[in-house]
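These are my notebook entries on a structure I looked through, set down in the order in which I consulted it.

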Amino acid sequence: MSTRERAMICEVGPRDGLQIAKTRMSTPDKLAWIEAIAAAGVGEIEIGSFVPPRVIPQMADTGEILAGSLRLLDRYPDLVVQTLIPNLRGAQAAYEGGAHRVSIPVSVSEGHSRSNLNRSVDEQIAEVERIIAWVRAQPRAMPVLAACSTAFGCSIDGVVRTEQVVRVAAGLAEAGADQVMLADTVGYAHPAQIKEVVRAVRAEIGDRLGGIHLHDTCGLGIANALAALEEGVRQFDSCIAGLGGCPYAPGASGNIVTEDLVFMLESMGFATGIDLAKLLEARAVLHAGLPAEPMHGQLPKAGIPRTFKAAA
Ligand code: MG
């Protein structure tokens, strides 16, 4: 692998990380955390989701969080502020609020699709098409990422076949998604499977394949990230302190830990733009705002090794 290549991390903690948190993080605490994330050099942050508050109460303040995050552009002009949206209504709220980019989950397994979105897989692909048509008709550009959820297994349906993922990815590329992401929503993937699915999807949609979203349910999260990296993936979702999970995917646990991922990528010569010491400060800000939530991650427990050298 060549050194000093770029690798992008999208911090999804303020969305995925908080959606099943047992206690609520206040709006000012969330904004302080997002500011600390930006200060650490993270270039892309998924700040929340436009879903009905009765469904995910932790996301009720997404409009306010979006506005507050956009105010950070004065100091961090390159920051990409992303929100998750499940439907056209969410897309309209995100657009009107000024979001730079949106991500839309599309389950590969029917069971998760019904449970999470109350729609079939094909109905959700059709919704993505409607969203993209609406977004494209607006004066401002807003890239749309479509994420193949449960792409590596489902806690409701069990096995998800690679052909199913390829079919959904192709449908999303055809619908006009700027990028198609692969998400191990429940954290059942293993490295060989990551390689197989990445190859198969890339063979179908080429460089429309974007990043990967991994969970650490079975302890293979960072190994799976490495497998994706070896397959040429250069965009990763992760969560500070490994928070996260899906309320409609029983058994899902936290995302891969941003701190550990940055340590791996930078040590291997991939420049993330993120300052590891400042990232640990952002972790402390998270803990201050959400003291009851368990914090994961090996690098933060060990401390930054004396041998560590950032990529660039
Ligand atoms: Mg997730």
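**Entry 1. A loop residue at the surface**

I began with Asn118, which is exposed, having a relative accessible area of 64%. The model I am reading is a predicted one. I located Asn118 in the loop that runs between α5 (110-117) and α6 (121-136). I then looked up its backbone and found a positive phi of about 60 degrees, although Asn118 is not a glycine. I noted beside this that most residues other than glycine have a negative phi.

**Entry 2. A second positive phi**

I next turned to Ala241, another non-glycine residue whose phi is positive, at about 65 degrees. Ala241 lies in the loop between β9 (235-238) and α10 (258-267). Is Ala241 buried or exposed? I recorded it as buried, because its relative accessibility is 0%.

**Entry 3. Helix α8**

I took helix α8, residues 191-205, as the next subject. It has 15 residues, and I read 21 Å from its first C-alpha to its last, close to the 21 Å expected at 1.5 Å a residue. I listed Gln193, Ile194, Val197, Val198, Val201 and Ile205 as its buried residues. Viewed down the axis of α8, the buried residues fall within an arc of 125 degrees, so they line one face of the helix. As a reminder to myself, an α-helix has 3.6 residues a turn, so residues three or four places apart point the same way. On the other side of α8 I found Ala192, Arg199 and Ala203 exposed.

Against which elements do the buried residues of α8 pack? I noted α7, β7 (179-183), β8 (209-213) and α9 (221-230). After α8 comes Gly206, with a positive phi near 60 degrees.

**Entry 4. The nonpolar core**

I looked up the largest nonpolar core and found that it has 89 residues. Leu182 and Ile212 are the residues with the most contacts inside it. I followed Ile212 further, leaving aside its neighbours within four places in sequence. Its contacts include Ile194 and Val198, both of which I had already entered as buried residues of α8. Also among the contacts of Ile212 are Phe152, Met181, Leu182, Ala228 and Phe236.

**Entry 5. The magnesium ion**

Which residues coordinate the magnesium ion? I found Asp16 through OD, and His213 and His215 each through NE2, at 2.0 to 2.3 Å. Along the sequence these donor residues are spaced D-x196-H-x1-H. I checked the two histidines for accessibility, and both His213 and His215 are buried.

**Entry 6. Thr150**

I placed Thr150 in the loop between β6 (144-149) and α7 (162-175). I entered Thr150 as buried, because its relative accessible area is 0%. Its side chain reaches the backbone nitrogen of Val108 at 3.3 Å. Apart from neighbours within four places in sequence, Thr150 is in contact with Ser107, Val108, Ser109, His112, Val160, Ala183 and Thr185.

**Entry 7. Glu174**

I closed with Glu174, which sits in helix α7. Glu174 is exposed, with a relative accessible area of 72%. I also looked up its distance to Tyr188, 14 residues apart from it along the chain, and the C-alpha atoms of the two are separated by 27 Å.

Note on methods. Residues numbered from 1 in each chain as written. Predicted model: local features only at pLDDT ≥ 70, side-chain atom pairs only at ≥ 80, totals over all residues. Heavy atoms only, no water. Helix = DSSP H or I, 4+ residues; strand = E, 2+ residues; numbered from the N terminus. Buried < 20%, exposed > 50% of the residue type's maximum accessible area, 1.4 Å probe, protein only. Polar contact = N/O pair within 3.5 Å; in protein donor to acceptor, adjacent residues only side chain to side chain. Contact = heavy atoms within 4.5 Å. Donors = N, O, S within 2.8 Å, 3.2 Å for Na, K, Ca; no water. Expected span 1.5 Å × (residues − 1). Arc of directions from axis to C-beta. Core = buried A, V, L, I, M, F, W, Y, C linked by side-chain atoms within 4.5 Å.
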